[in-house]
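User: Could you take a close look at how the helices pack in this structure? I would love one connected walk through that part, with a word on the ligand and on confidence too.

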Amino acid sequence: MIMARKLSRDFGDVRAVDGIDVDVHRGRIVGVLGPNGSGKSTTLRMLLGLLEPSSGGVTIHGVPYAELESPLTTVGASLDGQAFAASRTGRQHLRCWAGLAGASPERVEELLELVGLSGAAGRRVGTYSLGMKQRLSLATALLGDPQILVLDEPSNGLDPEGILWLRRTLRDLAREGRTVVVASHLLSEAQRMVDDVLLIRDGVVLYQGGLAELLDSVPAPEGGERDLEHAYLALTRQREVAA
Ligand SMILES: Nc1ncnc2c1ncn2[C@@H]1O[C@H](COP(=O)(O)OP(=O)(O)OP(=O)(O)O)[C@@H](O)[C@H]1O
């Protein structure tokens, strides 16, 4: 559904993303994972056509984002730091975007219910907590009923109950056949959310493929269980030894 080849992006002297290939398949939850500054947001922005690659290219359903016939019903995005007009209520915000996405007022109410904001829909967004803004952002991304969702750090600001809710919601969306791409620097949390992993460090792919296969490929730590943090450290060490 999404394919990127030799994708690179420079910011001045900084190579934020360095020649990565991405293959994202239908019905999967894919984690774009790595430490702060590893190039996750830059990758997502290029996948969405919001940022021009320095080299390489991305296609969604075989065409660049700009050439999609109906972008809002193909891809929905929630990016970290998304701006909201503080004076609009949650409901007004969604109704405003609903026009562009071709969504009905009923769809707006459905989504408010789905993200748990029905009770707060009449409140100004400026009074929302970070977690509530995340929920509103996800509802906005879902307005066009898109087949692909791209979410940057969607659990940022959510409490434990909210994180559980998010995990279940993303799983349900994937079960419906949607593809979910989610960026996160919280490896242990992402481990409980994703099927596939694009693990990056300094803009370079350390691993791309199934989460289970990755965990199986590294030796278990002494007295502990295999986990994504451990796998990340093992891959980083392997790369350093090889360099
Ligand atoms: N607009 C920009 N101008 C200059 N440098 C940038 C810009 N955007 C990103 N960078 C740099 O590119 C690199 C990758 O940044 P990016 O935001 O993609 O990382 P990230 O993995 O999403 O980080 P985080 O987990 O902190 O959100 C960093 O070195 C960052 O400083």
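Analyst: Happy to help; here is a walk from confidence, through the helix packing, to the ligand.

Please keep in mind that this is a predicted model. The chain has a mean pLDDT of 92, and 99% of its residues reach 70 or more. Among the elements of the chain, strand β3 (residues 29–33) has the highest mean pLDDT, at 97, while helix α9 (residues 228–242) has the lowest, at 87. For the complex, the predictor gives an ipTM of 0.97 and a pTM of 0.93.

Now to the packing. Two packed helices are described by the angle between their axes and the distance between the axes. Let's start with helix α3 (residues 90–101) and helix α5 (residues 130–142), whose axes come within 10 Å and cross at roughly 25 degrees. Angles under 35 degrees count as roughly parallel, so α3 is roughly parallel to α5. The crossing of these two helices, α3 and α5, is right-handed. On the α3 side, the contact is made by Gly90, His93, Leu94 and Trp97, and on the α5 side by Leu136, Ala139 and Thr140. Sorted by class, the contact of α3 with α5 holds four nonpolar and three polar residues, with no charged ones.

Helix α3 also meets helix α4 (residues 105–114): their axes come within 10 Å and cross at roughly 135 degrees. The two helices, α3 and α4, are therefore oblique to each other. Here, too, the crossing is right-handed as α3 passes α4. From α3, the contact takes in Gly90, Arg91, Leu94, Arg95 and Ala98; from α4, Pro105, Arg107, Val108, Leu111 and Leu112 take part. By class, the contact of α3 with α4 has six nonpolar residues, one polar and three charged.

Finally, the ligand. The residues around it are Phe11, Val14, Ala16, Gly34, Asn36, Gly37, Ser38, Gly39, Lys40, Ser41, Thr42 and His185. Which elements each supply at least two residues of this shell? They are β2 (14–24) and α1 (40–47). Of these, α1 gives the most to the shell around the ligand, with three residues. By class, the shell around the ligand divides into eight polar residues, three nonpolar and one charged.

Note on methods. Residues numbered from 1 in each chain as written. Predicted model: local features only at pLDDT ≥ 70, side-chain atom pairs only at ≥ 80, totals over all residues. Near = placed C-beta within 6 Å. Helix = DSSP H or I, 4+ residues; strand = E, 2+ residues; numbered from the N terminus. Nonpolar A, V, L, I, M, F, W, Y, C, P; charged D, E, K, R; others polar. pLDDT = per-residue confidence, 0-100. Axes fitted to C-alpha atoms, helices over the stretch in contact; angles between N-to-C directions. Parallel < 35°, antiparallel > 145°, perpendicular 65-115°, else oblique. Left-handed = near helix turned anticlockwise from the far one by under 90°. Contact = placed C-beta atoms within 7 Å.
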